[in-house]
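Work through the exercises below with the model open. Each task is followed by a stepwise solution.

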Amino acid sequence: MFYIYVDLIPLLCGLLQVWLHMLESNQSDDICLYHEKDDMFSLGLQTSESKQYLFVESGSKNTSFIFYLDISKQSKELVVLTPCVYGIDTTASHRGNHFYIKRRSEEFYNSELIACPLDNVAETTVLLPHRER
């Protein structure tokens with residue numbers, strides 16, 4: 001089970017954290033997967049439609065970036081899917097052997113769709129390019 005912990009005393013420990021809890025175990029054994037220290041960002045959790053991956057999104061008003069975790073392998077470490085780049089907003093999905101990422105920015109105001117293979121997320125292919133106005 002995954003959950004987001006909101007620190008009510010941000011000056012002491014930071015703001016938002018994503019934790020992994022194994023059922024029937026003590027909460028003290030939980031594992032912190034991610035700690036968002038920037039108070040301009042919020043966190044969201046979403047499973048892929050395939051239920052194979054967990055997406056952790058950190059986002060602000062105009063910037064978002066995504067980590068993923070392979071649930072089927074019981075991995076305990078997040079992997080960067082989209083890096084944090086100011087002004088770029090991303091969403092992700094999974095199907096077959098690829099992740100699909102919708103990317104939007106001031107330059108690409110109506111989005112573009114890119115794909116990357118599961119075994120090399122840095123290798124991206126634009127499937128639907130941004131259209132000019």
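**Exercise 1.** Determine whether Lys 51 is buried or exposed, and describe its backbone and its place in the chain.

*Solution.* Step 1: this is a predicted model, so the values are computed from it. Step 2: take the relative accessible area of Lys 51, which is 58%. Step 3: the cut-off for exposed is over 50%, so Lys 51 is exposed. Step 4: check phi. Lys 51 is not a glycine, yet its phi is positive, about 65 degrees. Step 5: locate the residue. Lys 51 sits in the loop between strand S4 (42–47) and S5.

**Exercise 2.** Do the same for Ser 111: is it buried or exposed?

*Solution.* Step 1: phi of Ser 111 is near 75 degrees, again positive in a residue other than glycine. Step 2: Ser 111 belongs to the loop that links strand S9 (98–104) and strand S10 (112–117). Step 3: its relative accessible area is 14%. Buried means under 20%, so Ser 111 is buried.

**Exercise 3.** Find the largest nonpolar core and state which strands supply at least two residues each.

*Solution.* Step 1: the largest nonpolar core holds 14 residues. Those with the most contacts inside it include Val 18, Leu 33, Val 56 and Phe 67. Step 2: at least two residues of this core come from each of strands S2 (16–20), S3 (31–36), S5 (53–59) and S6 (64–70). Step 3: follow Val 56. Leaving out residues up to four places away in sequence, its contacts include Val 18, Leu 43, Phe 67 and Leu 78. Step 4: look for a second, separate core. That one has 11 residues, among them Tyr 53, Tyr 68, Ala 92 and Ile 101.

Key: Residues numbered from 1 in each chain as written. Predicted model: local features only at pLDDT ≥ 70, side-chain atom pairs only at ≥ 80, totals over all residues. Heavy atoms only, no water. Core = buried A, V, L, I, M, F, W, Y, C linked by side-chain atoms within 4.5 Å. Buried < 20%, exposed > 50% of the residue type's maximum accessible area, 1.4 Å probe, protein only. Helix = DSSP H or I, 4+ residues; strand = E, 2+ residues; numbered from the N terminus. Contact = heavy atoms within 4.5 Å.
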